[in-house]
Amino acid sequence: MSTPLLYALTGAVLWGIGLMGLIGLRHLLRKLLALNLIGSATFLILVGLAQHHNGPDPVPQALVLTGIVVSIAATALGVVLIRRYFHLTGRTELESEVPEAGRDEEGHSG
Amino acid sequence: MSNWLMAGLLFTPLALATVSLLLGFRQGRALSWLGMLLQLLVSVGLWWLVRHEGGFYYTLAGWDAPLGIELRVDGLVVTFLLLTTLVASGCGIHAGFYLEPDRPWQRYFWPLYWFLWAGLNTVWMGGDLFNLYVGLELITLSAVGLVALGGQAEALRAALRYLLAALLGSLAYLLGVALVYGQFGTLSLADVAGQVRVSEHALLMRPALVLMLVGLALKTALFPLHGWLPPAHGIAKSPVSALLSALVVKASFYIAARVWLEAGVAVASQWMAQLLGVLGAVAIIWGSWLALCQPRLKQVVAYSSVAQIGYLFLLFPLTFGVEASVSLHAQQGITLQVISHALAKAAMFLAAGNLILAVGSNRVEALAGVSHFLPFSLFSFGLAGVSLMGLPPSGGFAAKWMLLQASMASGQWWWIMVLAGGGLLSAAYVFRIYKASFLERDEQDHFYHPDRRLEVAAMLLALASLGVGVSGSQVLSVMAMPFEEVQ
């Protein structure tokens, strides 16, 4: 098995674990961590898969740097929202008390 | 000249966002009036430039792809920039008078608003896949912030759900981009499109396309991935809901459509196109039905967005494996649908916000008797409803008529039933609101009168959505402006 393929497959497995975590776990911080795992898996695939053009390729590494900045911003926003939500309700899960607030695709299935 | 226009479109919204972060709500508002005027001048200037000299590629700061950011300016981009200016200014003016300036958190509205605008402009002009991702994330983060702004637990819950869904969507899209880069070693959409057509074994392109489309469908709230949209759009402040429904969901759809039309059609299969169309059709019927059943006014409008987004996904079956003329017809119909829905839905949310302000409750039954007190806002709501139903002479009619013709010309008659059924159901939910507001009830005859300027903003957008129908061919002529294929 070639190295780029190994990286890509590892990334795919991590993506799967992250997705399962996002759907299956209830605690909001865990959901956020699962999203971070998915993000890292994506970066791994982005850098790993592009190696077959004569050695390491600098472009995806630059992209991943940008991607990390974006994911830090998103994580920070998520943490702020979760903290404020916890302060207001004392809850760490998304369960809706109002039935019309809509079904959530990530909550009840797990 | 194009340097100045690009700076105006990309740099000033970011600069305004940063500066208004330091100001209070009132100073931020004054600054934002100037910013809106500037955006109007710049986007009209760009229209003038493209009309006379044709579209062009623009490399930011002179750095070429792959390291530099490539921007593409053509007729369609100009159409969307003008639309953004119109709708975002309308919502911004409404917000300026709707939000209470004395609440401390309201000063964060303007920074988020301008970051959102910067993200939208980036997405419309973005020519490479990764830059589109960054623009999309900028939009997502500021939109989530706007939903949560000053909200209570319910708003935070909706914002969190929105954040989780939208981030998952972006990451699925980014994974697709990673596969495309691994396959072709380029991020420029034009290069990818060129290579897809010549290469025989683009093994990763099909999974990449599926991932990108699924991720973007989640962000556009295509059935059955729409669960996050009604709570978020229903709970946000009315001008924010208007911005989200009118422009934010269109950004991810726009990327999906560009990827599909430029590179996707070559590797997709008939079942993928039909599946997307069927999901769109289910969204139209199911979303309209749920809109009819909602007890709260803004939820009605939010579910109506789910339904109207369904129409956009008819693009995929109507452009796959059909003649070029039919495909062009479908693309024009979808563009008109995007424009008229953006204007009509913004008008509808703003009018709904005024009605809620007047009766002091967001329940549909509470509207009884409001027709005497707020006829102007109710009329805007109705005009927007006419466009959503697809009655002539509105923009919605022109769009649905073109989709109808494209369905018949391509022999896909089954979409015609969906278009007709969706129109009837939207008529039902608009008339339900009208029925509620014309009922007389004795106990309540005390209504709060909102600021006149709030009603004018809603009215102007509703009139614009009618105007799109009357001047459909002029609107489409902007989209068809020439593009020079030189780099």
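This report describes chain A, its helix contact with chain B, and several residues of chain B in a predicted model.

**Chain A**

The secondary structure of chain A consists of three helices and zero strands, and its elements therefore read α-α-α when followed from the N terminus. Of the 110 residues in this chain, 37% are buried. When the contacts in chain A between residues at least 6 apart in sequence are considered, 59% of them join residues at least 24 apart.

An unreviewed UniProt entry annotates residues 6–25, 32–50 and 62–82 of chain A as "transmembrane region". In the model, residues 6–25 of chain A are 95% helix and 0% strand, and the C-alpha atoms at the two ends are 28 Å apart. Residues 32–50 of chain A are likewise 95% helix and 0% strand, with end C-alpha atoms 27 Å apart.

**The contact between H3(A) and H5(B)**

Two packed helices are described by the angle between their axes and the distance between the axes. Helix H3 of chain A, residues 58–89, and helix H5 of chain B, residues 129–148, have axes that come within 11 Å and cross at roughly 10°. Because angles under 35 degrees count as roughly parallel, H3(A) is roughly parallel to H5(B). The side of the contact that belongs to H3(A) is made up of A:Leu63, A:Thr66, A:Gly67, A:Val70, A:Ala73, A:Ala74, A:Leu77 and A:Leu81, and these meet B:Phe130, B:Tyr133, B:Val134, B:Glu137, B:Leu141, B:Val144 and B:Ala148 in H5(B). Sorted by character, the residues of this contact comprise twelve nonpolar, two polar and one charged.

**The nonpolar core and the start of chain B**

In soluble globular proteins, nonpolar side chains tend to be buried together. The largest nonpolar core of this model has 217 residues, and within that core B:Leu46 and B:Phe109 touch the most other members. Helix H6 of chain B, residues 153–184, gives the most to this core, with 21 residues. Apart from its neighbours within four places in sequence, B:Leu46 is in contact with B:Leu5, B:Met6, B:Leu9, B:Phe56, B:Val73, B:Val78 and B:Leu81.

B:Phe56 also appears among the contacts of B:Ser2, which, when neighbours within four places in sequence are left aside, touches B:Leu49, B:Phe56 and B:Tyr58. B:Ser2 belongs to helix H1 of chain B, residues 2–21, and counts as partly exposed because its relative accessibility is 22%.

**Positions within an annotated domain of chain B**

For residues 127–420 of chain B, UniProt gives the feature "domain: NADH:quinone oxidoreductase/Mrp antiporter transmembrane" in an unreviewed entry. This span is 81% helix and 0% strand, and its end C-alpha atoms lie 36 Å apart.

B:Gly215 is located in helix H8 of chain B, residues 205–220, and is buried, with a relative accessible area of 1%. With neighbours within four places in sequence set aside, B:Gly215 is in contact with B:Gly169, B:Ala172 and B:Tyr173.

B:Phe379, in helix H16 of chain B, counts as partly exposed because its relative accessibility is 44%. Beyond its neighbours within four places in sequence, B:Phe379 is in contact with B:Tyr434 and B:Met459.

The table gives separations along the chain and in space for three residue pairs.

| Residue pair | Separation along the chain | C-alpha separation |
|---|---|---|
| B:Ser2 and B:Leu425 | 423 residues | 46 Å |
| B:Gly215 and B:Gly176 | 39 residues | 8.8 Å |
| B:Phe379 and B:Ala458 | 79 residues | 9.7 Å |

**Backbone geometry in the loops of chain B**

Most residues other than glycine have a negative phi, and most peptide bonds are trans. In the loop between H8 and H9 of chain B lies B:Ala221, whose phi is near 65°, a positive value in a residue other than glycine. B:Ala221 counts as buried because its relative accessibility is 0%. The loop between H8 and helix H9 (229–235) also holds B:Pro224, and the peptide bond from B:Phe223 to B:Pro224 is cis, with omega near 0°. A further cis peptide bond joins B:Pro392 and B:Pro393, with omega about 5°; B:Pro393 is placed in the loop between helix H16 (375–389) and helix H17 (395–409) of chain B.

Key: Residues numbered from 1 in each chain as written. Chains lettered and ligands numbered in written order. Predicted model: local features only at pLDDT ≥ 70, side-chain atom pairs only at ≥ 80, totals over all residues. Heavy atoms only, no water. UniProt positions renumbered as here; feature names shortened; annotations may be inferred. Helix = DSSP H or I, 4+ residues; strand = E, 2+ residues; numbered from the N terminus. Axes fitted to C-alpha atoms, helices over the stretch in contact; angles between N-to-C directions. Parallel < 35°, antiparallel > 145°, perpendicular 65-115°, else oblique. Contact = heavy atoms within 4.5 Å. Nonpolar A, V, L, I, M, F, W, Y, C, P; charged D, E, K, R; others polar. Core = buried A, V, L, I, M, F, W, Y, C linked by side-chain atoms within 4.5 Å. Buried < 20%, exposed > 50% of the residue type's maximum accessible area, 1.4 Å probe, protein only.
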